[in-house]
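These exercises go through one protein model. Try each task before reading its solution.

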Amino acid sequence: MPLARSLSVTSLSGLDEWDEEFELEDAVLFEIAWEVANKVGGIYTVIQTKARMTAEEWGENYFLVGPYVESNVRTQVELIEPTNPVLKRTIDKMNASGCKYAAQSEDPPHIVAQFHEWLAGLGLVLCRQRQLAVATIFTTHATLLGRYLCAGNVDFYNNLAEFNVDKEAGDRQIYHRYCLERAAAHCAHVFTTVSQITAIEAEFLLKRKPDIVTPNGLNVKKFSAMHEFQNLHAQSKSRIQEFVRGHFYGNLDFNLDKCLFLFIAGRYEFSNKGADIFLEALARLNYLLRVNHSDVTVITFFIMPARTNNFNVETLKGQAVRKQLWDTAQTVKERFGKKLYESLLVGQLPDVSKMLDKEDFTIMKRAIFATQRQCQPPVCTHNMLEDSSDPILNCVRRIGLFNSSADRVKIIFHPEFLSSTSPLLPMDYEEFVRGCHLGVFPSYYEPWGYTPAECTVMGIPSISTNLSGFGCFMEEHIADPSAYGIYILDRRYKGVDESCNQLTSFLFQFCKQSRRQRIIQRNRTERLSDLLDWRYLGRYYIAARHMALAKAFPDTYVYDPQEPSSASGFRYPRPASVPPSPALSRHSSPHHSEGEDNEEDERYDEELEAEKDRVNIRQPYTISVKGKTVLGGNGSGEDEASEKN
């Protein structure tokens, strides 16, 4: 089915600059989710990154409600006494009895409550069942049934209209949870999803068309100079190279300066996250690189947590050998430096043949002997509890990518989230992403996709799909996403084999880029970060709250949404240095030159391109808070200051 526009506000242009005034002094916002100060998945990132912007809008009238987890409270929550007397009475009663009571006040405020996912949906259903004066919003970040269906290798998107949802939920023993999610969606004043693709899914599985799409954003840190984030990439890359030196000790027969680091990260959902198609594409890429006699080596990291019992001994040994070699080199260097210094002191040029004595050679020979290895570098960095049935390892065995010397594609499976305190790869996730060259996320089921979004704001190109919310969003707002380092894989209208060939083509063309072309591409990718900033995407949440207040309290608030015209959407243009003819831009981003000598002839002006791109992003939305309001969906300000009788 086509991805038709089904919502009142579907693009950034649908929400123009808002001039209307909005009274918030007598309104209170509650946001309820299982992942408030409780990191489980992407919703934690949504709430954490959005909190600052929402607090600026609502001030002390903004409250987050989540589960009390003692370990999380100690590290993530600052305990303070509430200043609001109504809230203080409520909390005192909760602490006294363990039950939640609705505190009463002489002048009750207008309450907006936004519930995230089915886990928080029960509170919404009870609010409506008890007829509480609360404007309710239900946001589904991924439908429960959709996730289960996709995990079962079902042709999901081509059969959305055909599913017997009650039977499917019952067969998977999630009928009670599905009913709760569906009830919350129908009871809410406003129902929202995080992407267009999830909106279509929700309409068929939850039987309600979402009122508005609220894309997920991030807090974007802008650098004063373009080269700053490039320097961070170089620093992080060098740390990854150190790990690779240890992991492949004894088999380090490739040039690290011509190594490309690729990665995939997220929940361990082998098919949903596209790890299956990625591994198959890597096998085909390995063949292409070998038959074309490429000197490029691709090292791919799989960062997906699985059940393990400890680090792999061989992996730890590799890092120990690397450190030992470094210490040996430092010892020999100090001895060499001392002899050089003494020679210069007496006014003589050193005799190079005498600078290294037998003891130095003995030390170096012992170090070289320690690097001898009788086996190939391990694929997995940990000891897996279910090694024989692990999907990634079984697929690696099938395609035969065992990190042999002949392979141009190497695989490292790290079944644990990254941490700066790890003895193996001491880097946090952000630092690791900055050091990689390409993020690959060929997901089949991805309602939004924070991983490619995080790559974008850090200036790292990524591969996404037209079945992910992020991929659809970028296709809508960028004329040629691949020119900006956002490759969109077609998994909706192509079969698995065709999609795999397309992914292989993306990877192969990326490997053919020169270093300068990759730098140009990273500059372009980083400029897209404004599109994903909460300062821009936060207006969708504001519109949802306006809509809920108008529906719950029609005597006080009015919301008048207007459908944006089909031509109103803005799109980033193609970069000036990319040839406009499709025949000349087969390689999409920046076109591959035949040799390094021709690179200077490539039409590229960083400042000129950046200035043109800045024109395509409107200024951040600023919130005005004054008297009573009319909430205009078109943002034209023509209806402001009117009041419904």
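**Exercise 1. A strand pair**

In which sense do strand β5 and β6 pair, and over how many bridges?

Solution. The model is a predicted one.
Step 1. Find strand β5 at residues 190–193; β5 and β6 pair in the parallel sense.
Step 2. Count the bridges: there are two between β5 and β6.
Step 3. Look for facing residues. T193 stands opposite V213 in β6.

**Exercise 2. The sheet around that pair**

Give the strand order of the open sheet that contains β5 and β6, then say which strands stand at its edges.

Solution.
Step 1. Six strands make up this open sheet, in the order β2-β1-β3-β4-β5-β6. The pairing is parallel.
Step 2. Take the ends. β2 (62–65) and β6 (212–213) each have a single partner strand, so one side of each lacks a neighbour in the sheet.
Step 3. Add the helix that packs on the sheet. Helix α20, residues 534–552, touches β1 (27–32), β3 (110–116), β4 (134–140), β5 and β6. The direction of α20 makes about 140 degrees with that of β4.

**Exercise 3. The other six-strand order**

Describe the open sheet that holds β13 and β14.

Solution.
Step 1. The order is β11-β8-β7-β12-β13-β14, six strands with parallel pairing.
Step 2. At the edges are β11 (409–414) and β14, and each pairs on one side only.
Step 3. From one strand to the next, the twist averages 25 degrees.
Step 4. Zoom in on β13 and β14. They run parallel and are joined by four bridges. I463 stands opposite Y487 in β14.

**Exercise 4. A covered helix**

How many residues of helix α17 are buried, and which are they?

Solution.
Step 1. Helix α17 spans residues 469–477, and seven of its nine residues are buried. The helix is mostly covered.
Step 2. Name the buried residues: G469, F470, G471, C472, F473, M474 and H477.
Step 3. Find the cover. It includes α8 (196–205), α16, β13 (462–465), β14 (486–489) and α20.

**Exercise 5. Two crossing helices**

Classify the crossing of α9 and α11, then characterise their contact.

Solution.
Step 1. Start with what is needed. Two packed helices are described by the angle between their axes and the distance between the axes.
Step 2. Helix α9 covers residues 227–247 and helix α11 residues 313–345. Their axes come within 7 Å and cross at roughly 110 degrees.
Step 3. Apply the cut-off: 65 to 115 degrees counts as roughly perpendicular. The helices α9 and α11 are therefore roughly perpendicular to each other.
Step 4. List the contact. From α9 come E242, F243, R245, G246 and H247; from α11 come T315, G318, Q319 and R322.
Step 5. Sort these residues. One is nonpolar, five are polar and three are charged.

**Exercise 6. Salt bridges, buried and exposed**

How many salt bridges does the structure hold? For three of the pairs, decide whether each partner is buried, partly exposed or exposed.

Solution.
Step 1. The total is 29 salt bridges.
Step 2. Fix the cut-offs: buried is under 20% relative accessible area, exposed is over 50%, and partly exposed lies in between.
Step 3. Take E446 and K273. Their closest N and O atoms are 3.0 Å apart. The pair links distant parts of the chain, 173 residues apart. E446 lies in the loop between β12 (438–440) and α16 (450–457). K273 lies in the loop between β7 (259–265) and α10 (275–291). E446 counts as buried because its relative accessibility is 11%. K273, at 9%, counts as buried too.
Step 4. Take E386 and R307, which meet at 2.9 Å, N to O. This pair also links distant parts of the chain, 79 residues apart. E386 is partly exposed at 41% relative accessibility. R307 is exposed, with 54%.
Step 5. Take R535 and D530, at 3.8 Å, N to O. R535 is partly exposed, with a relative accessible area of 37%. D530 is buried, with 15%.
Step 6. Look beyond pairs. R335, K339, D357, E359 and D360 are linked in a network of salt bridges.

**Exercise 7. The whole chain**

What share of the residues of the protein chain counts as buried?

Solution.
Step 1. The chain has 645 residues, and 53% of them count as buried.
Step 2. Its secondary structure comprises 21 helices and 16 strands.
Step 3. Consider contacts between residues at least 6 apart in sequence. Of these, 76% join residues at least 24 apart.

Key: Residues numbered from 1 in each chain as written. Predicted model: local features only at pLDDT ≥ 70, side-chain atom pairs only at ≥ 80, totals over all residues. Heavy atoms only, no water. Salt bridge = Lys/Arg side-chain N within 4 Å of Asp/Glu carboxyl O. Buried < 20%, exposed > 50% of the residue type's maximum accessible area, 1.4 Å probe, protein only. Axes fitted to C-alpha atoms, helices over the stretch in contact; angles between N-to-C directions. Parallel < 35°, antiparallel > 145°, perpendicular 65-115°, else oblique. Contact = heavy atoms within 4.5 Å. Nonpolar A, V, L, I, M, F, W, Y, C, P; charged D, E, K, R; others polar. Pairing = 2+ DSSP bridges.
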